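The following exercises are to be worked with the sequence and the coordinates at hand. Each task is followed by a solution in steps.

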Amino acid sequence: ELDEELDEAMLTKLIRTQPQLLGLSISRNLDPTLKFYREFLGDEKAYHFILKSPAMLTYSLEGRLKKRMKQAKEKGMTINTACIRQIATYPEAKWETKLSL
């Protein structure tokens with residue numbers, strides 16, 4: 001599905017910026033993670049978000065993104081690109097601090 005959604009120029013930019021993506025499975029890693037971002041940001045914002053920061057596709061969907069999204073929702077956080085960037089990138093201690101505020 002990933003190759004149907006992103007054109008060749010977008011894929012080239014992603015791989016040049018984040019060559020680690022070549023080591024990830026499209027069906028097990030990239031597609032599910034892209035769907036996660038699309039669910040919360042919508043298609044256009046999700047693609048822009050990923051093109052701006054291709055590393056967002058490398059974070060663990062089950063181990064980090066879904067778990068933290070659930071926590072963010074439970075805390076009543078506004079789910080937007082800033083929140084999702086924090087969900088993905090904050091180290092555990094910083095994320096726990098944010099949850100306690």
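Helices are DSSP runs of H or I with at least four residues, and strands are runs of E with at least two, numbered from the N terminus. The model is a predicted one.

**Exercise 1. Determine the secondary-structure content of the chain and judge its overall compactness.**

Step 1. Counting the elements gives seven helices and zero strands. Read from the N terminus, their order is α-α-α-α-α-α-α.

Step 2. For 101 residues the globule rule gives 13 Å, and the radius of gyration of the chain is 14 Å, close to that value; the chain is therefore as compact as a globular protein of that length.

Step 3. Along the principal axes, the C-alpha atoms occupy a box of roughly 40 × 25 × 20 Å.

Step 4. Among contacts between residues at least 6 apart in sequence, 59% link residues at least 24 apart.

**Exercise 2. Describe the burial, surface and charge distribution of the chain.**

Step 1. Buried residues make up 37% of the 101 residues.

Step 2. The accessible surface is about 6,100 Å², and carbon and sulfur atoms account for 51% of that area.

Step 3. The chain carries 17 positive and 14 negative charges, whose mean positions lie 10 Å apart.

**Exercise 3. Classify R68 and P32 as buried, partly exposed or exposed, and list their contacts.**

Step 1. The cut-off for buried is under 20% relative accessible area, and that for exposed is over 50%.

Step 2. R68 belongs to helix α5, which spans residues 61–74. Its relative accessibility is 0%, so R68 counts as buried.

Step 3. Beyond its neighbours within four places in sequence, R68 contacts Q86, I87, Y90, P91, E92 and W95.

Step 4. P32 is located in helix α3. With a relative accessible area of 24%, P32 is partly exposed.

Step 5. When residues up to four places away are not counted, P32 touches I26, S27 and L61. Between P32 and I50, 18 residues apart in sequence, the C-alpha to C-alpha distance is 13 Å.

**Exercise 4. Identify the buried residues of helix α6, the elements that cover them, and the N-terminal cap of α6.**

Step 1. Helix α6 covers residues 81–89, and its buried residues are C83, I84, Q86, I87 and A88. Two of these names, Q86 and I87, also appear among the contacts of R68.

Step 2. The cover over the buried residues of α6 includes α3 (26–41), α4 (43–52), α5 and α7 (92–100).

Step 3. The N-terminal end of α6 is capped by N80, with a side-chain oxygen 3.2 Å from the backbone nitrogen of A82.

How values were computed:
Residues are numbered from 1 along each chain as its sequence is written. This is a predicted model: local features need pLDDT of at least 70, side-chain atom pairs count only at pLDDT 80 or more; totals for chains, interfaces and linings use all residues. Side-chain values use heavy atoms; hydrogens and water are left out. The radius of gyration is taken over C-alpha atoms; the globule rule is 2.2 Å times the number of residues to the power 0.38. Buried means under 20% relative accessible area, exposed over 50%, partly exposed in between (1.4 Å probe, protein chains only). Contact means heavy atoms within 4.5 Å. Accessible areas come from the Shrake-Rupley method with a 1.4 Å probe; for residues, only the protein chains shown count as cover. Lys and Arg count as positive and Asp and Glu as negative; His and the chain ends are not counted. The place of a charge is taken as NZ of Lys, CZ of Arg, CG of Asp or CD of Glu. A polar contact is a pair of N or O atoms within 3.5 Å; within protein, one must be able to donate a hydrogen and the other to accept it, and residues adjacent in sequence count only if both atoms are side-chain atoms.
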